[in-house]
Amino acid sequence: MINLGAIIEARMGSSRLPGKVILEANNKPLIIHLINRLKQSKLLKTIIVATTKNKKDDILCKILKKNNILFFRGSEKDVLGRIYLAAKKFKLKNILQVTGDCPLVDPFIVSQVIKTYQNNNFDFVSNANLRSYPIGMDVSIFSFKDLEKCYHLAKQKYYREHTTLFFRKKKNLFSHCNLMAPSNLNYPNLGLTLDENRDYLLIKKIFKKFKNKENSFSCLEIIDYLKRKKKLININKKVKRKKLPIKIK
């Protein structure tokens with residue numbers, strides 16, 4: 001088994017939904033739900049939250065401490081640098097990157113991405129470089145060695161603000177593999193991520209529905225539930241998702 005740890009990007013200072021990572025579902029902060037769901041993948045050795053030195057994030061760190069979660073505090077704007085320094089501090093050789101916006105991430109999909117990375121020789125493995133899974137199931141994996149390369153080569157501000165953008169753009173430097181969703185999970189326009197309050201309302205209802213197995217319900221179960229309760233899809237249907245600052249071909 002490879003030395004692999006998850007690093008979650010999370011902070012309190014969201015412009016559209018401040019403090020979103022500690023909003024609660026089933027009386028538990030969403031960041032803790034995300035961590036508990038990642039823990040279901042036995043292929044992960046470590047889980048670390050990479051947050052900022054901003055005073056606003058003191059409350060997030062307090063929650064993480066209370067729950068015995070490892071965390072790192074770094075730059076708010078240089079997200080690439082924050083992830084790199086977190087990986088360096090905790091001596092990770094390979095990193096699974098996920099954002100705090102994805103509390104519904106499916107542990108089975110996470111394990112699939114990890115196995116693809118383990119069993120092949122790709123530098124960068126993701127299920128979101130070409131969108132096919134619902135928004136909010138996004139994970140990527142890469143080595144510390146290649147992350148360090150990005151850290152030193154990526155100079156432009158837009159690369160520093162996104163952990164994987166340099167990986168995704170520079171296909172001449174990094175070999176890629178993108179996992180495409182099977183037909184029953186191929187809902188690329190379905191928003192299961194946490195950007196606005198309307199997303200939170202939907203996510204809260206999903207966690208309530210699966211309260212008895214809140215750490216392990218699957219993406220397929222979410223899709224089947226929303227097919228039966230079509231009114232729920234309309235809750236966040238009109239939320240506009242942020243686009244990347246540059247085009248990825």
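**Reasoning from the predicted model**

In this predicted model, β4, helix α2 (residues 58-66) and β5 form a right-handed β-α-β unit.

Me: What makes the β-α-β unit of β4, helix α2 and β5 right-handed?
Reply: A crossover is right-handed if, with the strands pointing away from the viewer, the path from the first strand over the helix to the second runs clockwise. The unit of β4, α2 and β5 is assigned that hand.

Me: How do you know that strands β4 and β5 pair, and in what sense?
Reply: Pairing takes at least two bridges. Strand β4 (residues 46-52) and strand β5 (residues 70-74) have five bridges, so they pair, and the sense is parallel. Within this pairing, Ala-50 stands opposite Phe-72 in β5.

Me: Why does the radius of gyration of the protein chain agree with a compact globule?
Reply: For 249 residues the globule rule gives a value near 18 Å, and the protein chain has 17 Å, so the two agree. The C-alpha atoms fill a box of roughly 45 × 40 × 35 Å along the principal axes. Of the 249 residues, 55% count as buried. Among contacts with a separation of 6 or more, 72% are between residues 24 or more positions apart.

Me: How do you know that Cys-102 is in no disulfide?
Reply: A disulfide needs two cysteine sulfur atoms within 2.5 Å. By this rule the count comes to zero disulfides. For Cys-102, the nearest cysteine sulfur is that of Cys-219, 11 Å away.

Me: Why is Cys-177 too far from another cysteine for a bond?
Reply: The closest cysteine sulfur, in Cys-150, is 17 Å from that of Cys-177, and the limit is 2.5 Å, so there is no bond.

Me: Are Cys-102 and Cys-177 buried or exposed, and why?
Reply: Buried means under 20% relative accessible area. Cys-102 has 3% and therefore counts as buried. Cys-177 has 18%, which also falls under 20%, so Cys-177 counts as buried too.

Me: Why is Ile-222 called buried or exposed?
Reply: Ile-222 has 0% relative accessibility; the cut-off for buried is under 20%, so this residue counts as buried. Ile-222 lies in helix α9 (residues 219-228).

Me: What does Ile-222 touch, not counting residues up to four places away in sequence?
Reply: The residues with heavy atoms within 4.5 Å of Ile-222 are Leu-104, Met-137, Leu-192, Ile-206, Phe-210 and Phe-217. By contrast, Leu-173, 49 residues from Ile-222 along the chain, has its C-alpha atom 37 Å from that of Ile-222.

Technical notes: Residues numbered from 1 in each chain as written. Predicted model: local features only at pLDDT ≥ 70, side-chain atom pairs only at ≥ 80, totals over all residues. Heavy atoms only, no water. Helix = DSSP H or I, 4+ residues; strand = E, 2+ residues; numbered from the N terminus. Rg over C-alpha atoms; globule rule 2.2 N^0.38 Å. Buried < 20%, exposed > 50% of the residue type's maximum accessible area, 1.4 Å probe, protein only.
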